[in-house]
Amino acid sequence: MKMESKDTFSISQLADEFGITLRSIRFYEDRGLLTPTRKGKVRVYSKQDRARLKLTLRGKRLGFSLIDISELFEFYDSNKSNKKQQQDMLNAIKHRQQLLIQQQADINAVMMELNAAERNCYLQLAKFEQQNNKPLSKRCSIPAKLHR
């Protein structure tokens, strides 16, 4: 079903745009992350719902739980004139930044280990080639970036 205005979206439009299922969108709605209005039985999503869906999906990719995402939305929606709420939001953001920095360091370490293991595999395959006088298949040749 097409919505008339660019200010509103159907569930199908959002599912198509973000490459997710209708069920996923309903799940996020059940968790309070999206709050569409209804025209009869049809859900009508606003620009804000679309932005929240985009942020939710991005947050999930970055390792945020739905509870984390919900808390950030609550902070954002809350009264911005309240100093304590602003400080709480700042603390939550700083905490998440530290977690992401640690995750990035962990990923970099694992990538270095995988690269070393890959290089060792290619070197072992090259030894087998020399011992057996059989060339490696093109698929298993040592990439130029691994030659030293």
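By class, the lining of the largest pocket in this predicted model is made up of 10 nonpolar, 3 polar and 2 charged residues. These belong to a lining of 15 residues in total, and the pocket that they enclose has a volume of about 330 Å³. Because domain 1 (1-62) and domain 2 (78-148) both give residues to this lining, the pocket lies between the two domains.

**Lining of the largest pocket**

- Among the lining residues, Leu55, Gly59, Phe64, Leu72 and Phe73 are the ones that lie nearest the centre of the largest pocket.
- Three helices, α3 (47-61), α4 (66-77) and α5 (83-132), each supply at least two residues of the lining.
- Helix α5 gives the most to the lining of the largest pocket, its share being 5 residues.

**Arg52 in helix α3**

- Arg52 has its place in helix α3, which is also one of the helices that supply at least two residues of the pocket lining.
- The relative accessibility of Arg52 is 11%, and because buried means under 20%, Arg52 counts as buried.
- Leaving aside residues up to four places away in sequence, Arg52 touches Leu33, Leu34, Phe73 and Asp77; of these, Phe73 is also among the residues nearest the centre of the largest pocket.

**The chain as a whole**

- The secondary structure of the chain consists of 5 helices and 3 strands, which follow one another along the sequence in the pattern β-α-α-β-β-α-α-α.
- Of the 148 residues in the chain, 22% are buried, and Arg52 is one residue that counts as such.
- Among contacts with a separation of 6 or more, 47% are accounted for by residues that stand 24 or more positions apart in the chain.
- The chain exposes about 11,300 Å², and carbon and sulfur atoms supply 54% of this area.

Terms used. Residues numbered from 1 in each chain as written. Predicted model: local features only at pLDDT ≥ 70, side-chain atom pairs only at ≥ 80, totals over all residues. Heavy atoms only, no water. 1 Å grid on protein atoms, 1.4 Å probe; cavity = no way out; pocket = protein on both sides within 12 Å on 5 of 7 lines; lining within 4 Å. Points joined across faces, edges and corners; volume = space filled by probe spheres on them. Helix = DSSP H or I, 4+ residues; strand = E, 2+ residues; numbered from the N terminus. Nonpolar A, V, L, I, M, F, W, Y, C, P; charged D, E, K, R; others polar. Domains from an automatic or database assignment. Buried < 20%, exposed > 50% of the residue type's maximum accessible area, 1.4 Å probe, protein only. Contact = heavy atoms within 4.5 Å. Areas by Shrake-Rupley, 256 points an atom, 1.4 Å probe, with all protein chains shown as cover.
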